[in-house]
Amino acid sequence: MISKIMVPVAFSKYSLGILDFAANIAEPLGAELQVVNVISDRDVEAINKITEFGYNVDSDKYLETVKKERRDAITAMADHVTLPNGKVSFTFLIGDPTSELLRFAVESEVDLVVMGIK
């Protein structure tokens, strides 16, 4: 039985369609939709590199800002999803996107992954 569906979101022009597709699968099954976004560790490394050159950049503040912007974007996309409260969750991860998504899927015991081809 499918009870957990993971939807990786990368904010491409296809993300909303993928989220809708996953919600349409989840709804009749009563499944939980786990929307996941990964902040690439390369972005964090770039911020740290800029700091090494003497620029006053705070990587924690950067991560906080990125998470807020992405949370707002995901919330806006999910506003029209008709799943009941408690059936949609959002998770932000930091690291290599492929590794983090695979780790999350295994650790969360996800039954199905709905994502684009990239």
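# Exercises on salt bridges and nonpolar cores

The structure holds 3 salt bridges. The model is a predicted one.

**Exercise 1.** Find the partner of Lys68 in a salt bridge, and say where in the chain the two residues sit.

*Solution.*
Step 1. Look for a carboxyl oxygen within 4 Å of the side-chain nitrogen of Lys68, since that is the cut-off for a salt bridge. Asp72 meets this condition, with the closest N and O atoms 2.8 Å apart.
Step 2. Locate the pair. Lys68 and Asp72 both belong to helix α3, which covers residues 59-78. Because they are 4 residues apart in this helix, about one helical turn separates them.
Step 3. Check the surroundings of Asp72. Its relative accessible area is 42%, so Asp72 is partly exposed.

**Exercise 2.** Which residues are linked with Arg103 in a network of salt bridges? Classify each member as buried, partly exposed or exposed.

*Solution.*
Step 1. Take the pair Glu100 and Arg103. Their side chains form a salt bridge, at 2.6 Å from N to O.
Step 2. Take Arg103 again. Arg103 also forms a salt bridge with Glu107, where the closest N and O atoms are 2.7 Å apart.
Step 3. Join the two results. Glu100, Arg103 and Glu107 are linked in a network.
Step 4. Place the members in helix α4, residues 97-107. Glu100 and Arg103 are 3 residues apart there, so they are separated by about one helical turn. Arg103 and Glu107 are 4 residues apart in helix α4, again about one helical turn.
Step 5. Apply the limits: buried is under 20% and exposed is over 50%, with partly exposed in between. Glu100, at 15% relative accessibility, is therefore buried. Arg103 has 32% and is partly exposed. Glu107 has 56% and is exposed.

**Exercise 3.** Which residues touch the most other members of the largest nonpolar core, and which elements each supply at least two residues?

*Solution.*
Step 1. The largest nonpolar core has 18 residues, and Ile5, Val7, Leu19 and Leu33 touch the most other members.
Step 2. At least two residues of this core come from each of β1 (4-8), α1 (15-29), β2 (32-40) and α3.
Step 3. The element that gives the most is α1, with 5 residues.
Step 4. A second core lies apart from this one; it has 8 residues, including Val38, Leu93, Ala105 and Val110.

**Exercise 4.** Name residues that Ile5 touches, leaving out those up to four places away in sequence.

*Solution.*
Step 1. Set aside the residues up to four places away from Ile5 in sequence.
Step 2. List the contacts that remain. Among them are Ala22, Ile25, Ala26, Leu33, Val110, Leu112 and Val114. Glu32 and Gln34 are also touched by Ile5.

Note on methods
Residues are numbered from 1 along each chain as its sequence is written. This is a predicted model: local features need pLDDT of at least 70, side-chain atom pairs count only at pLDDT 80 or more; totals for chains, interfaces and linings use all residues. Side-chain values use heavy atoms; hydrogens and water are left out. Buried means under 20% relative accessible area, exposed over 50%, partly exposed in between (1.4 Å probe, protein chains only). A nonpolar core is a set of buried Ala, Val, Leu, Ile, Met, Phe, Trp, Tyr and Cys residues joined through side-chain atoms within 4.5 Å. Contact means heavy atoms within 4.5 Å.
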